[in-house]
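Dear colleague,

Please find the structure below, handed over together with some notes on what was found in it.

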Amino acid sequence: MPEPLLIKNIKLFDSGSNASTEEILIENGIILYAGDQRIPALNHEVMDGTGLTALPGLIDMHIHGSGGADSLDGTPDALETISRSLASAGTTSFLSTMVSRPGTDHKHIRMASECFKSGLS
């Protein structure tokens, strides 16, 4: 288990004009706290976020592919590749935009449906 991470002196994106710096405490991959309360750096790895801004995960509402894979590939591996590629850039959710493929049985649409039903997302 990684040690807890305390990010100090970071601006939180809130679409306002808040110029103050904040702190974020992350344990086991979960954000436990984000705000202006100062947290003592007890057993935490400390990261200086001066000059950085923390954003919530982004949602891409229209995407066909990423990372060299396309939803039209019609395989679970393609969706996994798309998911990992997007996550590496801060996109935490996406809507894989499907299109019909003339002359096929549209297996790519059924495959995507089955992947999401089974929990691959």
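How do the residues of the lining of the largest pocket divide into nonpolar, polar and charged? They comprise 10 nonpolar, no polar and no charged residues, where Ala, Val, Leu, Ile, Met, Phe, Trp, Tyr, Cys and Pro count as nonpolar, Asp, Glu, Lys and Arg as charged, and the others, Gly among them, as polar.

Please bear in mind that this is a predicted model, in which local features need pLDDT of at least 70 and side-chain atom pairs count only at pLDDT 80 or more, while totals for chains, interfaces and linings use all residues. Residues are numbered from 1 along each chain as its sequence is written, and side-chain values use heavy atoms, with hydrogens and water left out.

The lining of the largest pocket consists of I7, I10, L12, I24, I26, I31, A34, A54, L55 and P56. Two or more of the lining residues come from each of β1 (5-12), β2 (22-27) and β3 (30-35), strands being DSSP runs of E with at least two residues, numbered from the N terminus. The largest share, 3 residues, belongs to β1.

Turning to a single residue, H64 sits in the loop between β6 (58-63) and β7 (65-66). H64 counts as partly exposed because its relative accessibility is 31%, between the limits of under 20% for buried and over 50% for exposed (1.4 Å probe, protein chains only). Beyond its neighbours within four places in sequence, H64 is in contact (heavy atoms within 4.5 Å) with D70, S71, I82, T97 and V99. Of these partners, T97 offers its backbone oxygen, which the side chain of H64 reaches at 3.2 Å.

With best wishes

Conventions
On a 1 Å grid over the protein atoms alone, a cavity is a set of points where a 1.4 Å probe fits but cannot get out, and a pocket is an open set with protein on both sides within 12 Å along at least five of seven lines; lining residues have an atom within 4 Å of a point. Helices (H or I, at least four residues) and strands (E, at least two) are DSSP runs, numbered from the N terminus. A polar contact is a pair of N or O atoms within 3.5 Å; within protein, one must be able to donate a hydrogen and the other to accept it, and residues adjacent in sequence count only if both atoms are side-chain atoms.
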